[in-house]
Number of protein chains: 2
Amino acid sequence: MSERKWSDAEFRPRIGVVGAGAVGCYYAGKLAELGCEVHFLMRSDYEHVARHGLRIESDEGNLALKTVRVYNSPEMIGPVDLVFVAIKSTANDALPQLIAPLLGDDTAILTVQNGLGNDEFLAGHFGAERLMGGLCFICLNRISPGVIRHFGHGKITLGEFQRAPGDRVGKMAALFNSAGVKCEAVSDLALEQWRKLVWNIPFNGLSIAANATVADVLASPGLAKLARDLMLETIAAAGALGFAIEESFADFQIDRSRTMGPYKPSSMIDYLAGNAVEVQAIWQDPLERGINAGASLPRLEMLTALLGRLCKIV
Amino acid sequence: MSERKWSDAEFRPRIGVVGAGAVGCYYAGKLAELGCEVHFLMRSDYEHVARHGLRIESDEGNLALKTVRVYNSPEMIGPVDLVFVAIKSTANDALPQLIAPLLGDDTAILTVQNGLGNDEFLAGHFGAERLMGGLCFICLNRISPGVIRHFGHGKITLGEFQRAPGDRVGKMAALFNSAGVKCEAVSDLALEQWRKLVWNIPFNGLSIAANATVADVLASPGLAKLARDLMLETIAAAGALGFAIEESFADFQIDRSRTMGPYKPSSMIDYLAGNAVEVQAIWQDPLERGINAGASLPRLEMLTALLGRLCKIV
């Protein structure tokens, strides 16, 4: 598999977006605005976006893409240079069929899905050497078909699956930065996934179990302590698996969250809308890995049990 | 204060019931059927019960009291021999005014309220020597005004507040047993309160936090383990406070619960109806006592924080 083209300064990858919800539309929309040829695979919003395009509303400036390359089958897109995977992990079973038509010999796959296990799943189906992973630190919600509301943040942390970053990570990071998306290449993607879980496990979890926005959690002394304790358990699980995260990272994350206001994490939006919640990827999988590595995780275990019941997966 | 009358085999106490919900109506209804002079203080159901009486529906036999002594002010009842307190602990602030008109020099007070702190509250207002406590192990719900549905169980565990049981506990136990209510006198009421919490803390708590009936909790491996872990934490809290409960009591309680089916604990009924939930008495107070005594209670602390938010007391 050739990666040479990724080192070409002029190269603009042809991109296929699988899972064009809020995250997929925001980031790929930015790349389309930059001039990349971006093909969006859509289901529920297909008709609306084909007709009206995409709109991103943000205090940092609105973005309207009037004409969008949108498709309702991957065969109509064909092979691309990069598959951008932003589908919910609860729909991973559909990915082999959705991605296969997009693959050429040297197509890369970048998953920005939440939680653990997604890159391993895709690597198992399509080969580890294709896989990159990205972590999105962003507050946004899809507020209607084709309309994304961006509440703040946006940084992507980008890495290769189980190896050091090379030319294609560098190219994608450069493209994102050129598109106005802060992007940083990292050498240990798995460590960064655990660092992201330090926020997602408490705040996405309590948004459902306590019916609480980020501001609600921080306003309640009991919930704020619980969020921090869940962060410390996540750090302990990561540590048991060999991923060292300093405990002060919990306080940093709590402080960082104070700027978010009454933000509803994506899991809360899904839950309130009656959609599937990523319980396996965000809570169950990290819990099982941590327990197997010998960590003591009573709160994470309790949260996972509650979410399993509330989200009707048990 | 004379207790001599309680040792008289013929003595039938005049009883005033404060808090005539499901529990108050069931037990005092049984005593009324036995021939005791029972005066019910009611608010929302006053009109209906005055007109139609009380009905208890049970597989063990229905009970209809066509004529009930029902009042909407305690002054109309006047001094009684026994005040039977079954009001929700969230309304304790109203008790001093409701009980004072019912007291004579030697009136006893029996509280069968849930959780911790109720007997201490009443002892502080009316004197420790008046106080008895009862623990009700019963499945029942008020299904409409004046109509109680009994799903099973019913035993009362009866004791004096901070002292050994004497004549009046013996008399009340004998009356309940004569009325078909199994009743046992115990020497350590506070220990029995903790033993009752071993069931109430997990099952009442998870009925709200996981939207789960007793059967739902037992059907989910994650929730069933969590219920047992919460029982073990409750036992640890009790132990730290000097109340010895064997750990096998948790398994006994889990097994006992299998006969209950899809029973909704009273807290779940309250929560779903938008009524106040006894968060302070059942979770917050036990948590604080346990933590102050040095117990490690991560799950109880988490459950209390979630319930505080869900029941809007934080």
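Salt bridges are the place to start: a search of this predicted model finds 42 of them in the whole structure, over all chains. Four of these salt bridges are found across the interface of chain A and chain B.

**Stop 1: Glu301(A) and Lys225(B)**

Select Glu301(A) and Lys225(B) and show their side chains. The two form a salt bridge, with 3.0 Å between the closest N and O atoms. Glu301(A) belongs to helix 12 of chain A and Lys225(B) to helix 8 of chain B, so this pair joins two chains.

**Stop 2: helix 12 of chain A against helix 8 of chain B**

Now widen the selection to residues 298-310 of chain A, which are helix 12, and residues 221-240 of chain B, which are helix 8. The axes of these helices are 9 Å apart and make an angle of about 135°. An angle over 115 but not over 145 degrees falls in the oblique class, and helix 12 of chain A and helix 8 of chain B are therefore oblique to each other. Their crossing is left-handed.

To see what touches, pick Glu301(A), Met302(A), Ala305(A), Leu306(A) and Arg309(A) on helix 12 of chain A, then Gly222(B), Leu223(B), Lys225(B), Leu226(B) and Asp229(B) on helix 8 of chain B. Coloured by type, the residues of this contact come out as five nonpolar, one polar and four charged.

**Stop 3: helix 8 of chain A against helix 12 of chain B**

Next, select residues 221-240 of chain A (helix 8) and residues 298-310 of chain B (helix 12). Here the helices pack at about 135°, and their axes lie 9 Å apart. That makes helix 8 of chain A oblique to helix 12 of chain B. Helix 8 of chain A passes helix 12 of chain B in a left-handed crossing.

On helix 8 of chain A, the residues making the contact are Gly222(A), Leu223(A), Lys225(A), Leu226(A) and Asp229(A); helix 12 of chain B contributes Glu301(B), Met302(B), Ala305(B), Leu306(B) and Arg309(B). By type, this contact holds five nonpolar, one polar and four charged residues. Zoom in on Lys225(A) and Glu301(B): their side chains meet in a salt bridge of 3.0 Å, N to O.

**Stop 4: the whole interface**

Finally, show both chains as surfaces. The contact takes in 23 residues of chain A and 23 residues of chain B. About 1900 Å² is buried between the two chains, 68% of it from carbon and sulfur atoms. Which three residues supply more than any others of the area that chain A buries against chain B? Select Met302(A), Leu306(A) and Arg309(A): together they supply 33% of that area.

Notes:
Residues are numbered from 1 along each chain as its sequence is written. Chains are lettered from A and ligands numbered from 1 in the order in which they are written. This is a predicted model: local features need pLDDT of at least 70, side-chain atom pairs count only at pLDDT 80 or more; totals for chains, interfaces and linings use all residues. Side-chain values use heavy atoms; hydrogens and water are left out. Axes are lines fitted to C-alpha atoms, for helices over the stretch in contact, and angles run from 0 to 180 degrees between N-to-C directions. Helices (H or I, at least four residues) and strands (E, at least two) are DSSP runs, numbered from the N terminus. Angles under 35 degrees count as roughly parallel, over 145 as roughly antiparallel, 65 to 115 as roughly perpendicular and the rest as oblique. A crossing is left-handed if the near helix is turned anticlockwise from the far one by less than a right angle, and right-handed if clockwise. Contact means heavy atoms within 4.5 Å. Ala, Val, Leu, Ile, Met, Phe, Trp, Tyr, Cys and Pro count as nonpolar, Asp, Glu, Lys and Arg as charged, and the others, Gly among them, as polar. Buried area is the accessible area (1.4 Å probe) that two parts lose on being put together, summed over both. A salt bridge is a side-chain nitrogen of Lys or Arg within 4 Å of a carboxyl oxygen of Asp or Glu.
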